Structures are given as C-alpha cells and as structure tokens.
Amino acid sequence: MLDEEHHFSSTGKIIRFLNGDDLYPVNRYQSLLLATASELAALRIAAQRTVPLADLSAWEPCCGGGPAAVALKHLGLGYVQATDISPEAVTSCVANAEANDLRLDRALTADLLADGDDRRYDLICCNPPCGPDIASDGSGPAMDVAVRGGETGVEVTCRLIEQARSRLTPGGSLLFVAVSTTDIGRLGLVLDRHFPGRWRAFPSTPIAAPYRRVDARHSQWLTDVTTPFRPLVWRRDDGWYWRLSWVIEATNEPSATFRTGFPLLPYGIPADRDPDLMNMIQNNSDDAYWLRKASSDDTAGPRRVEEWPRRVEE
C-alpha cells in the first residue's frame, strides 16, 4: 500500500512522493527538510558562481525515495545522481522522479560514496542511516539497513564526512541530516577534522519533531542511563518522545562565508521559537552547542575542538 507525501518546492510547485511498504518513507521531518535545504544551497551556489542552475551537479547517496534528488532535478540542475545500498530504494527513487515527469541522470545501487566513479559534485545531499543499534524496533532487515547508523548512530555519517571532500568540486557543499538521538557531539569533532572552519547548522534548524511513542517497547532505551551516549528527547502531552533534527552543511571552499537569506519551510517546529525548549537544551544537553551554532551569526566561526564534550576516544 502506498501513501503520499508532498514537498512544496522552491519553484512554487508541489512535488509528490509515494512511499511503499517496507521502505524508509519520505517524511517531512528529515527527508523534506533536506530537500528544502538542498534547493536553497543550490540557488546560493549558482548565484555565487553567477552560473545557471543547469551548470550544477548533485548526488544523493542513501537516497531512499529520493527527496533531494527529485527536488533538485525539478529545480533545474543539469546532472543529478541518486544511489542507495537497497535496489528497492533506487527503484522507488526513480519512480518518484517519473511520477513528477522528471528523469534522473544516473541511479544505481551503491554503498555510501562507493559508486565506482570519480566524478565530483557541486552538492552531495544525504539523509544517512542515523539510528543507534540499540534503537532497532524490529521492523525487519530492509528497514534496519535504512535506519541503523552504527553503535551510536553516527558511524555511517562519520564515514560520509570522511569521504565527501574528495567527491566535491571546489566550493561544493555536503549537506546531511543529523538528529539528537545519536552521539551528536562526535559529529562535531569529525567535521572539525575534515572541514575545519567550513561547516554550520543550516539556518532554521534544528527543528523539533515526533520520534517514538512513549509507551512503545522500543522506546525504553531512551531513558536507559547505561547508554554510551546521552540522547536528547523530551515527552509531550501527545504521548510521543520528541527530538531535534538538523541539516548540516560543510563546504569545500577554503574562504567560505555562509549566507542564506531564506528560512526553511515549516516541516517541524523551529527550536528557537520555543523559549522553554531552548532553555532545556542549553542547560541540560551536549546539543547546546549545536543549537547555538544554528542561531548564531555566520561569522562567529566554529568552536575549538578542545571545548567539545568528549565521551568517546577519537
């Protein structure tokens, strides 16, 4: 059975995404957040280079239903590739492009950035598996492949960060989704190592979004004090645990200055609009820095590595 999700494109048109059974669904709190950020990043890069969008290229690894790939092809990028380790996900991505009268330039099965090519891209946009191993909910092997990001949820994302620079054009950008139910502090260390001074949380992120029902058996790990990292979640009156989602941008431009004048569309609740939530994060979580980085002036620069909370040996 298919359900449908709609994306409000930067072109002013609606893009349709069909979600099949047993596949990670295109959703508004991560997938479409990434799609919107990817569109805005593409518009910025084209403006900075004074080139048409048709001159730009993009790649969505871990594409699932292809939210970023389809959105960027719709926006007018000249070359768009989509890859996923799951053949079924690649088929879904191609079908979503065709449902919107689009054709991707290349779509194939590949593990992360191992696509058998050395082409460089202006944008690499990814919603990587970011579920900690302990969070598996028994949905089955296909869903596990889509959501399990390693022991602390960031191991796949760290591999992506480590590999991305060699596949970006000069001045190109990596965009990826990060969530507060992982060892988010470790991502900062890896970003500072591979993109020193050249990364940020995308404007208007993080957003707050529902994660799992409080009474679900597979939610118990969220309050387990023996977990090797501290997830940031909170209970709301709707009976769900909520978490934060970011889009992180890292650029291959040594003299980068980030400027994006448009907010993301409201696919979730911007955290900086909720003073109580802001206070809770600032006082009780290692994610405080990520929230400050999202809200601070672009020229403030990154925090020094030695100031990061260290819970893992790097």
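Among contacts in the protein chain between residues at least 6 apart in sequence, what percentage join residues at least 24 apart? In this predicted model, the share is 72%. The chain contains eight helices and 14 strands. Of its 314 residues, 54% are buried. The accessible surface amounts to about 13,800 Å², and carbon and sulfur atoms account for 50% of that area.

The largest nonpolar core comprises 38 residues, and those touching the most other members are Ala42, Leu72, Leu77, Leu104, Leu123 and Leu175. Two or more residues are supplied to this core by each of several elements: helix 1 (31-49), helix 2 (67-75) and helix 3 (87-99), together with strand 2 (14-19), strand 4 (79-84), strand 6 (121-126) and strand 9 (168-179). Helix 1 provides the largest share, with ten residues. A second core, separate from this one, holds 33 residues, among them Val154, Leu191, Leu244 and Ala250.

Leu72 illustrates the connections made within the chain. When residues up to four places away in sequence are not counted, Leu72 touches Ser38, Glu39, Ala42, Ala58, Leu77, Val80, Leu123 and Cys125. Of these partners, Ala42, Leu77 and Leu123 are also listed with Leu72 among the core members that touch the most others.

Helix 1 and helix 2 pack against each other, their axes coming within 8 Å and crossing at roughly 35 degrees. The crossing is right-handed. On the side of helix 1, the contact is formed by Ser31, Leu32, Leu34, Ala35, Ser38, Glu39, Ala42 and Leu43, while helix 2 contributes Pro67, Ala68, Ala71, Leu72 and Leu75. Classified by side chain, the residues of this contact are ten nonpolar, two polar and one charged. An α-helix has 3.6 residues a turn, so residues three or four places apart point the same way. Spacings of this kind occur in the contact, including Ala35, Ser38 and Ala42 of helix 1, and Ala68, Ala71 and Leu75 of helix 2.

Helix 5 (residues 155-164) has its own set of buried residues, namely Val156, Thr157, Cys158, Leu160, Ile161 and Ala164. The elements that cover these residues include strand 6, strand 8 (148-150), strand 9 and helix 6 (184-194). Strand 6 and strand 9 also each give two or more residues to the largest nonpolar core.

Three loop positions were examined individually. Gln30 is located in the loop between strand 2 and helix 1. Gln30 counts as buried because its relative accessibility, 7%, falls under the 20% limit. Apart from neighbours within four places in sequence, Gln30 contacts Tyr24, Asn127, Cys130, Val177, Val179, Arg243 and Ser245.

The other two positions concern backbone geometry. Most residues other than glycine have a negative phi. Cys62, in the loop between strand 3 (57-60) and helix 2, has a positive phi of about 50 degrees although it is not a glycine. Asp101, which lies in the loop between helix 3 and strand 5 (106-109), likewise is not a glycine and has a positive phi, of about 60 degrees. The surroundings of these two residues can be stated in terms of accessibility. Cys62 has a relative accessible area of 18% and is therefore buried, whereas Asp101, with a relative accessible area of 73%, is exposed.

Key
Residues are numbered from 1 along each chain as its sequence is written. This is a predicted model: local features need pLDDT of at least 70, side-chain atom pairs count only at pLDDT 80 or more; totals for chains, interfaces and linings use all residues. Side-chain values use heavy atoms; hydrogens and water are left out. A nonpolar core is a set of buried Ala, Val, Leu, Ile, Met, Phe, Trp, Tyr and Cys residues joined through side-chain atoms within 4.5 Å. Buried means under 20% relative accessible area, exposed over 50%, partly exposed in between (1.4 Å probe, protein chains only). Helices (H or I, at least four residues) and strands (E, at least two) are DSSP runs, numbered from the N terminus. Contact means heavy atoms within 4.5 Å. Axes are lines fitted to C-alpha atoms, for helices over the stretch in contact, and angles run from 0 to 180 degrees between N-to-C directions. A crossing is left-handed if the near helix is turned anticlockwise from the far one by less than a right angle, and right-handed if clockwise. Ala, Val, Leu, Ile, Met, Phe, Trp, Tyr, Cys and Pro count as nonpolar, Asp, Glu, Lys and Arg as charged, and the others, Gly among them, as polar. Accessible areas come from the Shrake-Rupley method with a 1.4 Å probe; for residues, only the protein chains shown count as cover.
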